[in-house]
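Reader: I would like to learn how to read a few features of a protein model, beginning with the way helices pack. Could you take me through them one at a time, with the general idea ahead of the case?

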Amino acid sequence: MAEFLIKNGFVFDPVLGIKGDVADVAIKDGKIVETSALRSPKVIDATGKTVMAGGVDIHAHVAGPKVNIGRNFRPEDKLFNCTAGHGIERMQGGFSVPTTIRTGYNYAHMGYTTVMEAAMPPLYARHTHEEMRDTPILDQGAYPVFGNNWFVLEYLKNHEIENTAAYIAWLLRATKGYAVKVVNPGGTEAWGWGLNCENVHDPVPYFDITPAQIIKGLIEANEYLGLPHSMHMHANNLGTPGNYTTTLDSFKLSEGIKPNSKFGRAQVMHHTHVQFHSYGGEGFNFESKAPEIMDYVNTHDNITIDLGCVTLDETTTMTADGPFEHHLTELNHLKWANADVELETGSGVVPFVYSANNKANAIQWCIGLELGLLAKDPMRVFLTTDHPNAGPFIRYPRIMKWLMSQEARDQQFDAFKHKDKVIEATNLAGMDRELSLYEIAQMTRAGPAKALGLSHMYGGLAPGLDGDVAVYDFNPNEPYAPDDIEKAFLNAKHLFKSGVQVISDHEIASNGNKRTLWVNARANENPQVMRDIKEKFLRYYTVTLNNYEVTGHYLRNPHVIEVDATQ
Amino acid sequence: METVTLTIKSQPGLFLEADSITPDAFAGKKAEEIVDLPVYVGREQFRLGDFFEVSGRAGATPAETKIVVNGDLSRVKYIGMKMTAGEIVANSNADMYVGAWMQGGKITVNGNVDAFAGTGMKGGEIAIKGNAGNYLGAAYRGDWRGMAGGKISVGGNAGSDLGTFMNGGEIVVGGDVDVHVATHAEGGKIVIKGNAKSRLGGQMVEGEIYVFGNIDTMMPGFAYRQDVDVDVDGIKGRFALYEGDLGERHRKRKGQAIYARLYQRINA
Ligand SMILES: [Zn+2]
């Protein structure tokens, strides 16, 4: 395999603690190595440029049935927005719900090399894997959803942690999943009755269990197994004014639980897209509670979060939170798709236009950035847009610009129609913090890699890590305008993935050799759980067990993370 | 105003996608530059001059540019797409998407047009002397932003799905229309001087439909209110007023719900 020496760049690497010093990065046989290990490398001149590890996205909706519903029912998302294939680059299209090909290429152009699909309905795991397989360059994994699953609801009603863990281990293997995802715990199941769970003590109809029991039980089962990632949560009551108390109540369920993982993570709960969960006030008097939320996060080491920044774009919302999507379509009267996934979950999809002229949308924009700027430890607070819910992932460089430049934020404030009211309801206008590139590297590389339990592969430039390296046309030591940040990070000059140069001089140079990550957790034999699985498939599922498991050609290049949870 | 004349000299094997036939693309160019503008057949790119003889010259701006297109255009799509000003006269039938997303200026078609003319139109005027196909003044597939402004007039008949998701502007059809009129509309005005079939105003929230002739089947979501005297498109008459779609949401003004209005002429 080729050797590369990336010379004289300004390196930002939280793993090695390098804060913009000029240094060389060496790649050999797919891995980062000491420069002395190279024999006859191809030299990449990075003089005057920024060098970082490949980006790691901990939460995005990029593959699977609801993403594809979005693509199918939004042909207008591709209108005037398709490019023909040329050279090795394949045909691509779409903005908020891009094709799999564009998804891979656009992430690569931003210097990202690992992207986690945040919600996989187990029954449609095969579809999700087919799309990931067709997404070039990126290493990917998918989180099956557990928070409204009948097995989980029945086991956790009686606090049966061992059975829950055995079921999780079985389902991760069956779906080739990566982590335990929870979406509106109990609420999506309640939606089957036209109801919802609006706080952690609101019981789920029929199952007679509360969201609090589901959340706590899944954290405990996750730690029982010692999985690489923690339980990954989207709490109840998303998007509702006054919901920050539900968020804090959900956070508190992790108190007293310590991580049990050999993979280096420190958290037992990752809470996603916290922007949507940090609202105070009521109805139209909705306001930011980002300081209250960040006070909690900053003082509790066993929690990580991602931002879910609103980018003020036209986008496509999609979530397993079925009742929330119904709420949205009632709000904007645009088209709505709704799905029920048998015993497992549900989902909804609605297009949404976030507008700078809309006071609520402007407040949401402020809240996402406030969370990032209030972060005391950027290793625990990650940059996301809950793609495509709060905005398309292609806006990450714009969010970097806003986080790094008060001038850029002021420009956006000036463009708001209801500037004064927005300032009154938020805290952002008074914040002068400007994140450094080192902090951005923590929020987009080292932090998410560590939280995923993948710091032995991704997130840094230490020898032994995967050869995932991005070079950007950005000189941090020369004067720049805020827009230069966005421009540079939208269009990496070079990108290496597992030691292969996938972008050369801003052009796609290789479709890479993408891998699918999944977790094989081996737990004790559990005949009861196996009996329950067989029975539920016979009685309720529309498919047999034989047509359920993800195997063979669905996974072209799997990378298995083995976990021994037998005891 | 300067005039550019295009005369088709060879027909495309498939269909010609010619969204460069606009005053905006031509403005400031001489004939020998206009022939180099791109057109597509399938995935292959060609020059406008591969299919058209070009003579005359364009004005300095779109507003000062008139384009006359001669010959059989029934395989030419996207004439006048996104134009903002100026004028186009097509002396033939034309294919799909005439004046789609048009913002200003005027297009006259001395013949028929196929589907999707005036898709997502925001302003300007399209005058079709013959018949129009389906989805006249409608939204692009999947989109909720249909015709928002401007005027479309059709001398003959129009097809189905007229004014789907229409939000503003005006469409006048001299003859008959097929099924689905103003579906999902939230504004705008549609005048049908001939007969209509069925499904007028399904899921219509606001806007107006006038029908001078017969309606085969009225939607159950429209309720008769009263007879009124109306002056529409220069014709005065007595019309039966229906309001709907009662199954849809409707905003209120001073406590009163605002409905879409369907007027049908009462034969004296
Ligand atoms: Zn999400």
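Reader: How do α11(A) and α13(A) lie against each other, and at what angle do their axes cross?

Author: Two packed helices are described by the angle between their axes and by the distance between those axes. In this predicted model, the axes of helix α11 (residues 359-373) and helix α13 (residues 406-415), both of chain A, come within 12 Å and cross at roughly 165°. Angles over 145 degrees count as roughly antiparallel, and therefore α11(A) is roughly antiparallel to α13(A). The crossing in which α11(A) passes α13(A) is left-handed.

Reader: Which residues make that contact?

Author: On the side of α11(A) they are Trp365(A), Cys366(A), Leu369(A) and Leu373(A), while α13(A) contributes Arg409(A), Gln412(A) and Phe413(A). Sorted by class, the contact of α11(A) with α13(A) has five nonpolar residues, one polar and one charged.

Reader: How should I read the pair α12(A) and α15(A), and at what angle do their axes cross?

Author: The same two descriptors, angle and distance between axes, apply to any two packed helices. Here the axes of α12(A) and helix α15 (residues 437-451) of chain A come within 11 Å and cross at roughly 135°, and α12(A) and α15(A) are therefore oblique to each other. The crossing of α12(A) past α15(A) is right-handed. Met400(A), Leu403(A) and Met404(A) of α12(A) meet Leu437(A), Ile440(A), Met443(A) and Thr444(A) of α15(A) in this contact, which by class has six nonpolar residues, one polar and no charged ones.

Reader: Turning to the metal, which protein donors does the zinc ion have?

Author: As background, ideal angles at a metal are 109.5 degrees for four tetrahedral donors, and 90 or 180 degrees for six octahedral ones. In this model the protein donors of the zinc ion are His59(A) through NE2, His61(A) through NE2 and Asp386(A) through OD, lying 2.0 to 2.1 Å from the ion. Their spacing in sequence is H-x1-H-x324-D. The pair His61(A) and Asp386(A) links distant parts of the chain, 325 residues apart, with His61(A) in the loop between β6 (55-60) and α1 (65-73) and Asp386(A) in the loop between β20 (381-382) and α12 (396-404) of chain A.

Reader: Is His61(A) buried or exposed, and why?

Author: Under 20% relative accessible area a residue counts as buried, so His61(A), at 4% relative accessibility, is buried. Asp386(A), at 3% relative accessibility, counts as buried too.

Note on methods:
Residues numbered from 1 in each chain as written. Chains lettered and ligands numbered in written order. Predicted model: local features only at pLDDT ≥ 70, side-chain atom pairs only at ≥ 80, totals over all residues. Heavy atoms only, no water. Donors = N, O, S within 2.8 Å, 3.2 Å for Na, K, Ca; no water. Helix = DSSP H or I, 4+ residues; strand = E, 2+ residues; numbered from the N terminus. Buried < 20%, exposed > 50% of the residue type's maximum accessible area, 1.4 Å probe, protein only. Axes fitted to C-alpha atoms, helices over the stretch in contact; angles between N-to-C directions. Parallel < 35°, antiparallel > 145°, perpendicular 65-115°, else oblique. Left-handed = near helix turned anticlockwise from the far one by under 90°. Contact = heavy atoms within 4.5 Å. Nonpolar A, V, L, I, M, F, W, Y, C, P; charged D, E, K, R; others polar.
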